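Please read the points below alongside the coordinates. They are ordered by topic and can be checked one at a time.

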Amino acid sequence: MTAGNNISSIEAIRAVITDMMDKVMEKVLVKDPFIPEKFHAEKPLYAALVPDEIFKGSHFERRFTTPFGSAWEKLALAVGKAHHGHCEQGAAVEGTVGEESLRRIQEVLNRLEHGSGGAKKQKPSWNEELEYITAGGGSPIPVSVTCDILIKSARTGRTCAYELKGPLPNSDQTKVSKEKMFKLLAMENRPVDFAYYALPYNPYGKKDDYAWSFPARWFDMRRDPCVLIGEELWDSVGGEGTYRLFISELNKLGISYKERIYRDFLGIEPPHGFDAETLR
């Protein structure tokens, strides 16, 4: 990644996070602050048994988690635009897929979920499954797929779709993502070059240690080439080194926002060590 790309990615990351955090701070400090008297009147039993500071923290958390539920997609969108020139969120890809290919998609998904003919559930193997599906063909059927993130890169000339989920996704949403990815790559004339199942970070550390069981029904999370976790995802979206930039910027921004939350919201001095890095 060049210095210019570094600056663009840093600015994109910083802009998304500061916009969201500034809105949260305005809400908890100005528009919807924690008012002890109101809390005591509404929940006198709680107030009698538990310090206000506990519920003041809950008040902040509820107003923080809702807007940040879409943070990963907003970050991917901003970084993708900065690096590739064109990136969309919720973009629809239109095309046609052969009737037999569509049937094979459902066959593969059913075998992964239930097995077939008394046999055990099939283990996921992306390359083999995709080869089987795309060989199906048949009469063309119109299909529309909405992508979480779609990049049409001016840098590489390739179009990439990303199913971007939280680090611990459930089984149902993973099944839907895999079906969408199959349809995108089975479309005639291949409007999408690559489709990825992407997680923004790995709570288990290394990819070989990823152990959340629900998506493992549908993907080999450690070996399937279509699975991107953490650094693989961000470097794909923003170029090599983006993940480290991402971690660095979040830690820098975290120091200033933590200090402000301690002083302005909680009304206390930040404790020793509050400014230590938390993301690595």
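**Notes on the predicted model**

1. Met20 is buried, with a relative accessible area of 4%, which is under the 20% cut-off for that class. The residue belongs to helix α1, residues 3-31. The model is a predicted one, and the remarks here should be read with that in mind.

2. What does Met20 touch beyond its neighbours within four places in sequence? Its contacts there are Pro67, Phe68, Ser70, Ala71 and Lys74. Gly230 lies 210 residues from Met20 along the chain, and the two C-alpha atoms are separated by 21 Å.

3. Aromatic pairs: the count comes to 18. One of them joins Trp72 and Trp234, whose ring centres are 6.3 Å apart; the planes make an angle of 50°, so the pair is tilted. An angle of 50° falls between the 30 degrees below which planes count as stacked and the 60 above which they count as edge-to-face. The two residues are 162 apart in sequence, with Trp72 in helix α5 (residues 71-84) and Trp234 in helix α10 (residues 231-238), and the pair links distant parts of the chain.

4. Are these two tryptophans, Trp72 and Trp234, buried or exposed? Trp72 is partly exposed at a relative accessible area of 24%, whereas Trp234 is buried at 1%. Both belong to a cluster linked by ring pairs, which also holds Tyr201, Tyr243 and Phe246.

5. Trp126 and Phe182 form a stacked aromatic pair, with 5.0 Å from centre to centre and 5° between the planes. Trp126 is in helix α7 (residues 126-134) and Phe182 is in helix α8, so this pair ties together parts 56 residues apart in sequence. Trp126 has a relative accessibility of 4% and counts as buried; Phe182, at 0%, counts as buried too.

6. Two charged side chains sit over aromatic faces. Arg104 lies over the face of Tyr132, 4.3 Å from the ring centre. Lys178 lies over the face of Phe219, and here the distance to the ring centre is 4.8 Å.

7. How do helices α4 and α11 cross? The axes of α4 (residues 52-65) and α11 (residues 242-266) come within 12 Å, at a crossing angle of roughly 120°. That makes α4 oblique to α11, because the angle lies above the 65 to 115 range for roughly perpendicular and is not over 145, the limit for roughly antiparallel. The crossing of α4 past α11 is right-handed. On the α4 side the contact is made by Lys56, His59 and Phe60; on the α11 side, by Ile261, Phe265 and Leu266.

8. The loop between α8 (171-186) and β4 (194-199) contains Asn189, and Arg190 lies in that loop as well. Asn189 is not a glycine, yet has a positive phi of about 65°. Arg190, also a residue other than glycine, has a positive phi near 40°.

9. Which accessibility classes do these loop residues, Asn189 and Arg190, fall into? Asn189 counts as exposed, at 79% relative accessibility. Arg190 counts as partly exposed, at 38%. The cut-off that separates partly exposed from exposed is 50%. Anyone checking the backbone of this loop can start from the positive phi values of Asn189 and Arg190.

How values were computed. Residues are numbered from 1 along each chain as its sequence is written. This is a predicted model: local features need pLDDT of at least 70, side-chain atom pairs count only at pLDDT 80 or more; totals for chains, interfaces and linings use all residues. Side-chain values use heavy atoms; hydrogens and water are left out. Helices (H or I, at least four residues) and strands (E, at least two) are DSSP runs, numbered from the N terminus. Buried means under 20% relative accessible area, exposed over 50%, partly exposed in between (1.4 Å probe, protein chains only). Rings of Phe, Tyr and Trp (its six-membered ring) pair if their centres lie within 6.5 Å; planes under 30 degrees apart count as stacked, over 60 as edge-to-face and the rest as tilted. A charge sits over a ring if NZ of Lys or CZ of Arg is within 6 Å of the ring centre and within 35 degrees of the ring normal. Axes are lines fitted to C-alpha atoms, for helices over the stretch in contact, and angles run from 0 to 180 degrees between N-to-C directions. Angles under 35 degrees count as roughly parallel, over 145 as roughly antiparallel, 65 to 115 as roughly perpendicular and the rest as oblique. A crossing is left-handed if the near helix is turned anticlockwise from the far one by less than a right angle, and right-handed if clockwise. Contact means heavy atoms within 4.5 Å.
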